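Biologist: Got a minute to walk me through this model? I'd like to start with the ligand.

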Amino acid sequence: MSDEMMLKQFQSRIDNGEKIEPGDPMPDAYRKTLLRQISQHAHSEVIGMQPEGNWVLRAPSLRAKKILLAKIQDEGGHGLYLYSAAESLGIDRDEMIGQLHAGKAKYSSVFNYPTLTWADIGAIGWLVDGAAIVNQTMLAKCSFGPYSRAMLRICKEEGFHQRQGYEIMARMMSGTAAQKEMAQDAMNRWWWPSLMMFGPHDTESVHSSESMKWKIKVESNDRLRQRFINRTVEQAHHIGLIVPDPLLKYNDQTMNWEAGPINWEEFYKVINGDGPCNHKRMLHHIKYHREGGWVRDAARAFAEKQQETADTSIY
Ligand code: 3HC
């Protein structure tokens with residue numbers, strides 16, 4: 001089949017809403033942008049465990065510690081689903097991790113901020129996972145089968161993550177003056193980085209037009225960001241938190257909460273490696289990836305042994 005024929009057939013499958021599976025004919029550019037996005041998504045899930053892990057030993061109660069441990073464990077699992085989805089496109093995990101360590105792959109900007117108090121754990125669950133749910137619910141409709149199916153499982157678990165974060169914030173906002181101040185401080189520091197999670201404005205987005213044509217994205221960065229803002233501003237007001245945006249206003253016509261300008265200079269600074277914690281996150285990932293090598297070796301040796309036994313047992 002000529003490339004032109006394949007492209008035509010591929011696009012009509014996409015336009016008909018069909019799922020593309022790993023073994024199907026697909027344009028190299030489709031594979032390439034999926035690999036870029038899915039591997040970054042997987043890296044984000046794993047690196048996102050660091051800021052929260054910082055508070056496991058300092059959780060204010062055994063209940064809080066158990067919930068945080070369960071959430072962090074979920075995030076590791078999300079990373080594994082996503083690395084597996086990316087591997088179905090013909091890249092292996094070691095190569096993806098190598099790209100991350102060499103600065104050739106990104107992870108979500110939001111994980112380059114420090115977690116200074118327990119309220120940050122509430123803000124991350126409520127705002128960061130809340131933003132992730134809006135984005136990932138859209139990605140569950142993605143044209144690439146393994147990615148969209150991974151999202152179905154991930155979104156279910158994100159629901160718990162978002163609610164436990166909001167519970168932390170609600171409890172602190174009905175607590176002492178010091179707890180209220182701590183929760184508002186976390187809101188002030190995590191609001192804008194959460195909006196940045198959706199990526200640049202549609203007019204500045206490098207990949208959106210291609211991703212929309214191939215239904216990798218079925219809604220734009222700005223449309224998802226607006227949905228997140230509308231939902232979250234109401235939740236903030238419900239528990240007495242102030243949204244740190246003096247220009248925020250409600251538009252009766254569009255029924256949208258219209259946010260003030262995002263600091264894109266900060267965004268590009270962070271995604272280009274110069275955020276508050278980029279260096280720390282990468283050193284930590286490299287150190288523990290190296291120290292965990294023996295686990296991977298043991299798992300590989302076990303899998304090879306299993307395969308050997310399976311091969312010999314069929315005769
Ligand atoms: N952080 C880091 N890089 C970002 C970014 C962000 N928040 N937003 C955009 N970028 C990068 C893009 O990767 C791209 O750079 P690249 O060409 O080197 O890959 C560049 O900025 C231009 O942005 P585009 O809008 O053109 O890029 P995309 O079309 O890929 O859209 C995206 C960006 C919306 C983040 C999209 O990549 C996406 O949906 N990714 C998967 C979802 C994801 O990463 N979710 C957040 C992390 S997971 C998480 O939150 C865990 C939770 O459980 C706590």
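**Ligand site**

Modeller: The ligand sits in the largest pocket. A pocket here is an open set of points on a 1 Å grid over the protein atoms alone, where a 1.4 Å probe fits, with protein on both sides within 12 Å along at least five of seven lines. "Sits in" asks that more than half of the molecule's atoms lie within 2 Å of the grid points.

Modeller: This is a predicted model, where local features need pLDDT of at least 70 and side-chain atom pairs pLDDT 80 or more, while totals for chains, interfaces and linings use all residues. Numbering runs from 1 along each chain, and side-chain values use heavy atoms, without hydrogens or water.

Biologist: Which residues are closest to the ligand?

Modeller: Lys106, Ser109, Glu158, Val206 and His207, out of 31 that surround the ligand; that takes a heavy atom within 4 Å.

Biologist: What about polar contacts?

Modeller: Those are N or O pairs within 3.5 Å. A ligand oxygen is 2.6 Å from a side-chain N or O of Lys106. For Asn221, the distance from a polar side-chain atom to a ligand oxygen is 3.0 Å, and for Asp129 it's 3.2 Å.

Biologist: Which helix gives the largest share of the shell?

Modeller: α2, with 6 residues. Helices are DSSP runs (H or I, at least four residues), numbered from the N terminus. α2 spans 28–47, and α6 (118–139), α7 (145–173) and α11 (264–274) also supply at least two shell residues each.

Biologist: Switching topic, how big is the box around the protein chain?

Modeller: Its C-alpha atoms fill roughly 70 × 50 × 35 Å along the principal axes.

Notes. Polar contact = N/O pair within 3.5 Å; in protein donor to acceptor, adjacent residues only side chain to side chain. 1 Å grid on protein atoms, 1.4 Å probe; cavity = no way out; pocket = protein on both sides within 12 Å on 5 of 7 lines; lining within 4 Å.
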